[in-house]
Amino acid sequence: MTAFKSDFLNVLQDRGFIQQISDPQSLDALAARRELVAYIGFDCTAPSLHVGSMVQIMCLYWLQQTGNKPIALMGGGTTRVGDPSGKDETRKILSIEDIERNKDGIKQVFSHFLTFGAGKSDAVMPDNAEWLTKLNWIEMLRDIGRHFSVNRMLAMDSVKLRLERDQEMSFIEFNYMILQAYDYAVLNRRYDCRLQMGGSDQWGNIVNGIDLGRRMGTPQLHALTTPLITTANGEKMGKTAGGAVWLNADLKSPYEYWQFWRNTADADVARFLKLFTTLPLGEIGRLAALRGAEINEAKKALADAATALLHGAEAAKAASETARQTFEEGAIAVSLPTCSIAHGDLEGGMVGVLNAFVTAGLVGSNGEARRQIKGGGLRVNDAAVTDEKMVLTPAHLTPEGVIKLSIGKKRHVLLKPA
């Protein structure tokens, strides 16, 4: 393992963030002098980022914590094109209004991790629409496009894999790597940005930016990529049976977020503590050494620390207490996720159990609900559902005035008549 001079690269290495670095010594020297300005781009394809973006957000967090300057680049311009990396088909082209709405939602999360301002190490959040939408087509071809080899572009994984599978790639997507490379040159000119970070699938795009910068006369630029995070069972990070684990509280409550981390597989706990919390490595080592039933202490510590980072200490404490009441005391905690149903439908016998679980978001379809019932996986008020034709009525309301729906032992939603 390389011993770096800079706190930044040492932290990233010790916590498992580094996949590749283009020129470690040069980058290390910049970071050691606390003169490193680095960016990560976030396209505005959804109203919130999800847990899969947390590795990148934490890279920016540690960059600032070690005295360097982070740039969280909003992709208001590149979202209009669509990144083909890792995609089998063209991304849906969003309206300008949708992109702006998504951008506003995405911005919310960064205030929890970064300090913004005009200081030397304060974070900034430019939007590449500011310069990309002003590019003149002929000038772009002449001043930027001439530096790109079509041969090299065709050899990029994002292009090559699509072509090998005979899957169409539009001309607009083919240009994405040029726009991303140009972003790097602009950020260097405006902020003296010397590093772009991203997932390992972005290596080729980032190196393109380094090459374009060299041809356009920038100082030496650098690339750092992180591993693509999968769970111990090989699943992509951030996806669950209930959908994406969003970072915005209006899309995924603090309790649901806490519960996501609490459900981490034993084999992933130590790695996730390093990546997704700021707990000291010594404490992480102690938690990682726990075995048997004691591993639950480590999982709760992971859930508490990860939730506190995003939603605050009070929200993490409330989520932990909700879980304790629900699982240890068997009580119905009123802070569990809720879903409204019409009181008239409940009284009229119109709320079938299959549809209730779909509406609550605990299963994706009636078919999935039937399969769960056959396996004994669904419960109403902690009683197993055995009849798929069961209808919920006011008689199912608890003293708290709700109906508790559960799938497995750890996912619960309260149906509340309105």
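**Exercise 1. Find which residue of β3 is the bridge partner of Y39, and then place both strands in their sheet.**

Step 1. Look across from Y39: its bridge partner in β3 is I71. Strands here are DSSP runs of E with at least two residues, helices are runs of H or I with at least four residues, and both are numbered from the N terminus. A word on the model before you go on: it is predicted, so local features need pLDDT of at least 70 and side-chain atom pairs count only at pLDDT 80 or more, while totals for chains, interfaces and linings use all residues. Residues are numbered from 1 along each chain as its sequence is written, and side-chain values use heavy atoms, with hydrogens and water left out.

Step 2. Now try D43, whose bridge partner in β3 is G75. Strand β2 (residues 37-43) and β3 run parallel and are joined by 7 bridges; two strands pair if DSSP finds at least two bridges between them.

Step 3. Widen the view to the open sheet of 5 strands, which has mixed pairing and the order β1-β5-β4-β2-β3. Its edge strands, β1 (20-21) and β3 (69-75), each pair on one side only. As for β2, 6 of its 7 residues are buried, that is, under 20% relative accessible area, with exposed meaning over 50% and partly exposed in between (1.4 Å probe, protein chains only).

**Exercise 2. Work out which strands helix α2 and helix α10 lie across.**

Step 1. Helix α2 (residues 24-32) lies across β1, β4 (195-199) and β5 (222-226), and runs at about 95° to β5. Axes are lines fitted to C-alpha atoms, for helices over the stretch in contact, and angles run from 0 to 180 degrees between N-to-C directions.

Step 2. Helix α10 (residues 176-191) lies across β2, β3, β4 and β5, running at about 145° to β2.

Step 3. Zoom in on T225, which sits in strand β5. T225 counts as buried, at 0% relative accessibility. Leaving out residues up to four places away in sequence, T225 touches several residues, including F17, Q19, G199 and W203; contact means heavy atoms within 4.5 Å.

**Exercise 3. Find which residues have the most contacts inside the largest nonpolar core.**

Step 1. This core has 69 residues, and F110 and W261 are the ones with the most contacts inside it. A nonpolar core is a set of buried Ala, Val, Leu, Ile, Met, Phe, Trp, Tyr and Cys residues joined through side-chain atoms within 4.5 Å.

Step 2. Helix α3 (residues 54-65) gives the most to this core, with 9 residues.

Step 3. Among the residues that W261 touches, not counting those up to four places away in sequence, are M237, F272, F276 and L302.

**Exercise 4. Explain why C193 has no bond to the closest cysteine sulfur.**

Step 1. A search of the whole structure finds 0 disulfides, a disulfide being a pair of cysteine sulfur atoms within 2.5 Å.

Step 2. The closest cysteine sulfur to that of C193 is in C59, and at 14 Å it is too far for a bond.

**Exercise 5. Decide which residues of α19 are buried and which are exposed.**

Step 1. E368, A369 and I373 are buried in helix α19 (residues 366-374). They lie on the same side of α19 because they cover an arc of only 140° around the axis, taken from the directions from the helix axis to the C-beta atoms.

Step 2. On the other side of α19, R371 and K374 are exposed.

Step 3. The buried residues of α19 pack against α18 (353-359) and β10 (378-380).
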